[in-house]
Amino acid sequence: MLIAADKFKGSLTAVQVAERVTAGLRRVVPGVEVEAMPVADGGDGTVDAAVAAGFERREVRVAGPLGHEVSAAFALRGDTAVVEMAEASGLQRLPAGVFAPLTASTYGSGELLRAALDAGARTIVFGVGGSATTDGGAGMLTALGARFLDADGEPVAPGGGGLGDLATADLSGLDPRLTSVDLVLASDVDNPLTGPKGAPAVYGPQKGASPDDVRTLDGTLAHFAKVLEESAGSKAAEHAAAPGAGAAGGIGYGALLLGARFRPGIEVMLDVLGFAPALERADLVITGEGSLDEQTLHGKAPAGVAAAARAAGKEVVAVCGRLALAPEALGRAGIRRAYPLTDVEPDVAKCIAEAGPILERVAERIAQDFLV
């Protein structure tokens, strides 16, 4: 039995999901062998998943999205680091109810990458998602040695809004170690930098951007890419249109400028976590996340787990808080059956508040259906 589930956002971490499912299974079949492998798709929870798989947690002080110092973590095993941009520049780093769509910066994410380099990382999995920022990765690049100047030769203001004043971009001071590291951009979205499917239009509103802010940010990021094209060549324009450039407020674009390879986050994490050998040992796989819906099918963790399990001929069931997929859609994704918390407790508010105990009861049902 392999439990490879993502977090239930706002209720349970991926580690807690595995613990609760294990407890429920063992209430019905006390001796059942369970292997837990919490998973993530590059967004928040990615470092925790790596640590649960045996990576060492490293804490560093970096700039949060508004410039205030925060304590952020990355994970290290040998010369492989897992860096999660949300640790430094995520929405959870903003004060409650505060958004800063025009001024939030990814500078701290660059500091995290630098800390991973300092720790000896030669491969860096850079998980992006859950960002508070829409600065195209300008802050991150600045922390790594780039310079973005206005017409007076002064640094532009932090955040996507400040890029409207950009006159010159100088990447010559980037940390030379970046040229010899394998940087993997791990994301569950493949949006370009700008346009109707770009970072500001699709994700800006989640970060507090008004329609005017979205237009401003789309314009400033397009300007950012144009100035970079003048200084860094045609590759800068190609990167802006590439899949993943729009991930996490455009930090994907900044990562591509650093030479990153874009890969679906869950695929990268399954490789890093050692999913394949764990899958060989399992006869049933339990995956899941807070909401199983259309988004799940587009690169989210449960879809990646189910695809890998199906390729290996293993049966998969899923747990979730709420289920918004028909059985046919689940079947096409490789999931035999889904078990939502709402089947046990119809009150959604209660499901969120008491997710742990309810998930244990759901796991008891799975045990009755598949193990007894």
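How many bridges join strand 12 and strand 13, and in which sense do they pair? Strand 12 (residues 315–323) runs parallel to strand 13, and four bridges link the two. Pairing here takes at least two DSSP bridges between two strands; strands are DSSP runs of E with at least two residues, helices are runs of H or I with at least four residues, and both are numbered from the N terminus.

A word on the source: this is a predicted model, where local features need pLDDT of at least 70, side-chain atom pairs count only at pLDDT 80 or more, and totals for chains, interfaces and linings use all residues. Residues are numbered from 1 along each chain as its sequence is written, and side-chain values use heavy atoms, with hydrogens and water left out.

Zooming out, the open sheet has five strands in the order 2-1-11-12-13, with parallel pairing. Its edges are strand 2 (35–36) and strand 13 (337–340), each pairing on one side only. One bridge puts V317 opposite R337 of strand 13.

Helix 15 (residues 355–370) packs on this sheet, while helix 12 (residues 301–311) lies across strand 11 (284–292) and strand 12. Angles run from 0 to 180 degrees between N-to-C directions, with axes fitted to C-alpha atoms, for helices over the stretch in contact (heavy atoms within 4.5 Å).

| Helix | Strand | Angle |
|---|---|---|
| Helix 12 | strand 11 | about 160 degrees |
| Helix 15 | strand 13 | about 150 degrees |

Now the cysteines: there are zero disulfides (sulfur pairs within 2.5 Å). The C320 sulfur sits 9.9 Å from its closest cysteine sulfur, in C351, so that is too far for a bond. C320 is buried at 0% relative accessible area, and C351 is buried too, at 4% (buried is under 20%, exposed over 50%, partly exposed in between, with a 1.4 Å probe and protein chains only).
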